[in-house]
Amino acid sequence: VQFNKLRLSGFKSFVDQTELLISSGMTGIVGPNGCGKSNLVEALRWVMGETSAKRMRGSEMDDVIFAGSATRPARNIAEVSLLLDNRDRTAPAAFNEYDDIEVVRRISRGSGSNYKVNGKDVRARDVQLLFADAASGSQSTALVSQGRIGEIINAKPTSRRGLLEEAAGITGLHSRRHEAELRLRAAETNLERLEDVITTLD
Ligand code: ATP
C-alpha cells in the first residue's frame, strides 16, 4: 500500500481541517519551531493505532484533542484520516478487495477512540495489523522521531530484535500467533471441562 493523503481535524494544533498530500518519493515538511511538524508525524502514527499517550507527548490520549488557544475554544473531538492506495494489492486479506482504503480514527473527550476502514467500524487491532504487515505501523522502524536513533543504539538486545523483526515484516505474524495461542488455550480448557462432565456422567 502507498500513503496518499493525511487529513486532520481538531488534532493537536491542527484545529481546522488540514490535508497533507503524500506523493510517491519524498515529502518534506518545513516550518519554524513549534509550528506543528512533529504533530503531523504523530497524527500519522496515531491513525495507525498508537496506544501510548506518552509516545504522543501527552499524559492521556485526550491530550491529542485541540486544547484551545487565546482566540479559539477547545474541541471535544479529534479526527485523523489516512488515505491509502492499494492498487498493488498488498493490504491484508480483510481489506485487499479495495483499490483505495481510508482509515479513520476519531477520539471524543472522555470516551476513547474508534476506528473505521472505508466507513465500517473496525477494531484497533485490525488497523494495527493492517500496518504491521506493511512494516509501517505506529512503532515502525520506518518512522524515526527525534531522539530515536540514540534510543535504538542504546536499546537492549530484545528490543533491538523487535525492531529487526518489524523491519523484516514478521511482527504481524507474531501477534497473530499470540492470538491463536490464546484461542488454543481456551479450547483446551473447554475440553478439560467437557472431560470432567463426561467422567461425572460415567
Ligand atoms: P520543533 O521544530 O520545535 O520540533 P514542531 O514544528 O515539530 O516544532 P510540534 O512539536 O509539532 O512543532 O508542535 C508543537 C505545538 O503544538 C505547540 O505550540 C503546542 O502548543 C501545540 N499543541 C500540541 N498539542 C496541542 C493541543 N492538544 N491543542 C493545541 N495545541 C497543541
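## Order of helices and strands

Along the sequence, the protein chain runs β-β-α-β-β-β-β-α-α-α-α. That makes five helices and six strands. The model is a predicted one.

The C-alpha trace spans about 75 × 40 × 35 Å along its principal axes. The protein chain has 202 residues, and 21% of them are buried. Take the contacts between residues at least 6 apart in sequence: 54% of these join residues at least 24 apart.

## The nonpolar core

The largest nonpolar core holds 28 residues. Six of its residues touch the most other members: Ala43, Leu44, Val47, Val64, Val80 and Leu82. Strands β1 (2-9), β3 (77-85) and β4 (100-108) each give two or more residues to this core, as do helices α1 and α2 (124-132).

Val47 shows how such contacts run. Leaving aside residues up to four places away in sequence, Val47 touches Val80, Ser81, Leu82, Val103 and Arg105. Two of these partners, Val80 and Leu82, are themselves on the list of core residues that touch the most other members.

## The ligand and the annotated binding site

Which residues are closest to the ligand? They are Asn33, Lys37, Ser38, Asn39 and Ala67, out of 14 residues that surround the ligand. By type, this shell divides into four nonpolar, seven polar and three charged residues.

An unreviewed UniProt entry carries a "binding site" annotation for Pro32, Asn33, Gly34, Cys35, Gly36, Lys37, Ser38 and Asn39. Asn33, Lys37, Ser38 and Asn39 appear both in this annotation and among the residues closest to the ligand. Ala67 is on the list of closest residues, but the annotation does not cover Ala67.

## Cys35 and Lys37

Cys35 sits in the loop between β2 (18-21) and α1 (37-47). Is Cys35 buried or exposed? Cys35 has 12 C-beta neighbours inside 10 Å, so it counts as exposed. The cut-off for exposed is 12 or fewer.

Lys37 belongs to helix α1. Lys37 has 14 other C-beta atoms within 10 Å and is therefore partly exposed. Beyond residues up to four places away in sequence, Lys37 touches Ile29 and Gly31.

## Two residues with positive phi

Most residues other than glycine have a negative phi. Arg57 departs from this, with a positive phi near 60°. Arg57 lies in the loop between α1 and β3. With 13 C-beta neighbours inside 10 Å, Arg57 counts as partly exposed.

Arg89 also has a positive phi, of about 50°, although it is not a glycine. Its place is the loop between β3 and β4. Arg89 has 10 other C-beta atoms within 10 Å, so it is exposed.

## Helix α5

Helix α5 covers residues 171-201, which is 31 residues. How far apart are its end C-alpha atoms? They are 46 Å apart. At 1.5 Å a residue, helix α5 should span 45 Å, so the two values agree.

How many of the 31 residues of α5 are buried? The number is one, so α5 lies largely in the open. For a residue to count as buried, 20 or more other C-beta atoms must lie within 10 Å of its own.

Technical notes. Residues numbered from 1 in each chain as written. Predicted model: local features only at pLDDT ≥ 70, side-chain atom pairs only at ≥ 80, totals over all residues. Helix = DSSP H or I, 4+ residues; strand = E, 2+ residues; numbered from the N terminus. Expected span 1.5 Å × (residues − 1). UniProt positions renumbered as here; feature names shortened; annotations may be inferred. Contact = placed C-beta atoms within 7 Å. Core = buried A, V, L, I, M, F, W, Y, C linked by C-beta atoms within 7 Å. Near = placed C-beta within 6 Å. Nonpolar A, V, L, I, M, F, W, Y, C, P; charged D, E, K, R; others polar.
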